[in-house]
Amino acid sequence: MPFHKRYKNGDTPWEIHRADHNLISMVQKVPIAPCDVLDIGCGTGNNVIWLQQQGFNATGIDCTEIAIQRAREKAGKVKIDSAFYVHDFMGNNVPGAPFEFTFDRGCFHHFLQFNNLNQFAAKVALVLKNQGLWMTMTGNADESREGPGPPQLSARQIVLAVEPYFKIISLIAGHFDTDQEIPAKNWICLMKKR
Ligand SMILES: C[S@@+](CC[C@H](N)C(=O)[O-])C[C@H]1O[C@@H](n2cnc3c(N)ncnc32)[C@H](O)[C@@H]1O
């Protein structure tokens, strides 16, 4: 189902209304100092708002208008001045580029269905400054499940797509932060632009 319908129908199991703890611990442990950051497919802005609150200059883009409307409302409520744009990441002129850090929670893995993981990785490299960082969180194909859930990638699919453009710093099997009973397994990958 297209994303705008999913937001309209409330079929958004990834929504947690807070920053994902995997992002928080990565930023704190590496650490990643405040800088210009882009959240690709930012949804309703939870991670952008948290990053801005930590002193980052955060931009969020999403191709789904209703998600960006909600992100702007959320940011307004906590008096956060982040830049949110309705924008297709694969289109031209990503607003605010180039960045020092890009982040996506559950956007990259959707490009598996279009056989476009490699083009997505190339685009991330294009919007980053030299030595820029990319953190992605994807579904994990090592999880066997029966019901619906995030698209699942193998470690091999991630490596093949990103390695031409990025040096992999870490690739860790973990779980998405969630309010669901059973958290979906994920891959958490941190990379540096070549
Ligand atoms: C699984 S949702 C995750 C949303 C958000 N990152 C979060 O964690 O709550 C994936 C998001 O990617 C967005 N998206 C998908 N393809 C996109 C594209 N080409 N450009 C920008 N956003 C895209 C969708 O609209 C959706 O909001």
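**View 1. The whole chain, element by element.** Starting at the N terminus, the elements of the protein come in the order α-α-β-α-β-α-β-β-α-β-β-α-β-β. Keep in mind that this is a predicted model. Count up the elements and you get six helices and eight strands. Lay the C-alpha trace along its principal axes and it spans about 40 × 40 × 35 Å. How does the radius of gyration of the protein fit with a compact globule? For 194 residues, a compact globule would have a value near 16 Å, and the protein has 15 Å, so the two agree.

**View 2. Around the ligand.** Here we zoom in on the ligand, which has 19 residues surrounding it. The closest of them are G41, G43, T64, F89 and G106. What kinds of residues make up this shell? Sorted by class, the shell has nine nonpolar, six polar and four charged residues.

**View 3. Where helix α5 meets helix α6.** This view shows α5, residues 117-127, packed with α6, residues 155-162. Their axes are 8 Å apart, and the angle is about 50 degrees. That angle makes α5 oblique to α6. As for handedness, α5 and α6 make a right-handed crossing. Which residues do the meeting? From α5 come L117, N118 and A121, and from α6 come Q157, A161 and V162. Split by class, this contact has four nonpolar residues, two polar ones and no charged ones.

**View 4. Two cis peptide bonds.** Most peptide bonds are trans, but this view picks out some that are not. One is the bond from V30 to P31, which is cis with omega near -20 degrees. You'll find P31 in the loop that runs between α2 (21-29) and β1 (36-40). Another cis peptide bond joins A97 and P98, with omega about 5 degrees. Where does P98 sit? Look in the loop between β3 (83-86) and β4 (99-105).

**View 5. A positive phi at N115.** Most residues other than glycine have a negative phi. Now look at N115: this residue is not a glycine, and yet its phi is positive, at about 55 degrees. To spot N115, follow the chain into the loop between β4 and α5. The helix at one end of that loop, α5, is the helix that packs with α6 in View 3.

Key:
Residues are numbered from 1 along each chain as its sequence is written. This is a predicted model: local features need pLDDT of at least 70, side-chain atom pairs count only at pLDDT 80 or more; totals for chains, interfaces and linings use all residues. Axes are lines fitted to C-alpha atoms, for helices over the stretch in contact, and angles run from 0 to 180 degrees between N-to-C directions. Helices (H or I, at least four residues) and strands (E, at least two) are DSSP runs, numbered from the N terminus. Angles under 35 degrees count as roughly parallel, over 145 as roughly antiparallel, 65 to 115 as roughly perpendicular and the rest as oblique. A crossing is left-handed if the near helix is turned anticlockwise from the far one by less than a right angle, and right-handed if clockwise. Two residues are in contact if their C-beta atoms, placed from the backbone, lie within 7 Å. Ala, Val, Leu, Ile, Met, Phe, Trp, Tyr, Cys and Pro count as nonpolar, Asp, Glu, Lys and Arg as charged, and the others, Gly among them, as polar. A residue is near a molecule or strand if its C-beta atom, placed from the backbone, lies within 6 Å of it. The radius of gyration is taken over C-alpha atoms; the globule rule is 2.2 Å times the number of residues to the power 0.38.
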